[in-house]
Amino acid sequence: MSSTVPAIKMTRTINAPVAKVFEAWTDAAQLKRWLAPHPYEVREATADARPGGRYRIVVATVDDGPHTTTGEYLEVEPGRRLVMTWFYEGPLGKDETPSVVTVDFLEVAPGATEVTLTHAELRSDEGGREGWTLILDKLAALFDGAEK
């Protein structure tokens, strides 16, 4: 068996319709607004959200970075599911093999989307759960702010 750690799995309800939440995960301009844990900011984002398409996210702070994540979209089911490989390279090291991020979207009420994120095949769980929690906080705030 591999030397990976158990997958990180978390669920969050976002106050926005499924189509808008899915778009936030697949549109580079929107990714720049939230896909980095505080105090990091996304400095660069590209996304070609189709099977076989690629993405690239570069995050940094004034004092640290760049942290670069790249990968390929394996599955893209609009409004339902995203599956992508996840390669990290930066001050914390470099992934030799990809991990896999799966994001499932489910309408749980009108204008409310349950997002279930699973990050599997990780080489380490160091900071992963905390990082994704902070990132999902920023995603939720993106829509909470838009609703006010």
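This report covers confidence, aromatic pairs, one buried threonine and two backbone features.

The model is predicted: local features need pLDDT of at least 70, side-chain atom pairs count only at pLDDT 80 or more, and totals for chains, interfaces and linings use all residues. Residues are numbered from 1 along each chain as its sequence is written, and side-chain values use heavy atoms, with hydrogens and water left out.

**Confidence**

The protein has a mean pLDDT of 91 (the predictor's confidence in each residue, from 0 to 100). Of its residues, 92% reach 70 or more. Helix α1 (residues 18-26) has the highest mean among the elements, 98. The lowest, 86, belongs to α3. Helices (H or I, at least four residues) and strands (E, at least two) are DSSP runs, numbered from the N terminus. Where pLDDT is low, the predicted coordinates should not be read in detail.

**Aromatic pairs**

Rings of Phe, Tyr and Trp (its six-membered ring) pair if their centres lie within 6.5 Å; planes under 30 degrees apart count as stacked, over 60 as edge-to-face and the rest as tilted. The count comes to six aromatic pairs. Two of them are tabulated here.

| Pair | Centre to centre | Angle between planes | Class |
|---|---|---|---|
| Phe-22 and Phe-105 | 5.2 Å | 70° | edge-to-face |
| Trp-86 and Trp-132 | 5.2 Å | 50° | tilted |

Phe-22 sits in helix α1 and Phe-105 in strand β7 (residues 99-109), so their pair ties together parts 83 residues apart in sequence. Phe-22 is buried at 9% relative accessible area. Buried means under 20%, exposed over 50%, and partly exposed in between (1.4 Å probe, protein chains only). Phe-105 is also buried, at 7%.

Trp-86 belongs to strand β5 (residues 81-90) and Trp-132 to helix α3, so this pair ties together parts 46 residues apart in sequence. Both tryptophans are buried. Ring pairs link them into a cluster with Trp-25, Trp-34, Tyr-55 and Tyr-73.

**Thr-116**

Thr-116 lies in strand β8 (residues 112-120). Its relative accessible area is 13%, so Thr-116 is buried. Its side chain makes a polar contact of 3.2 Å with that of Thr-11. Such a contact is a pair of N or O atoms within 3.5 Å; within protein, one must be able to donate a hydrogen and the other to accept it, and residues adjacent in sequence count only if both atoms are side-chain atoms. Leaving out residues up to four places away in sequence, Thr-116 touches Lys-9, Met-10, Thr-11, Thr-102, Val-103 and Asp-104 (heavy atoms within 4.5 Å).

**Backbone features**

His-38 and Pro-39 are joined by a cis peptide bond, with omega about 10°. Pro-39 is in the loop between α2 (28-34) and β2 (41-47). Glu-121 is not a glycine, yet has a positive phi of about 60°. Glu-121 falls in the loop between β8 and α3 (128-147). At 47% relative accessible area, Glu-121 is partly exposed.
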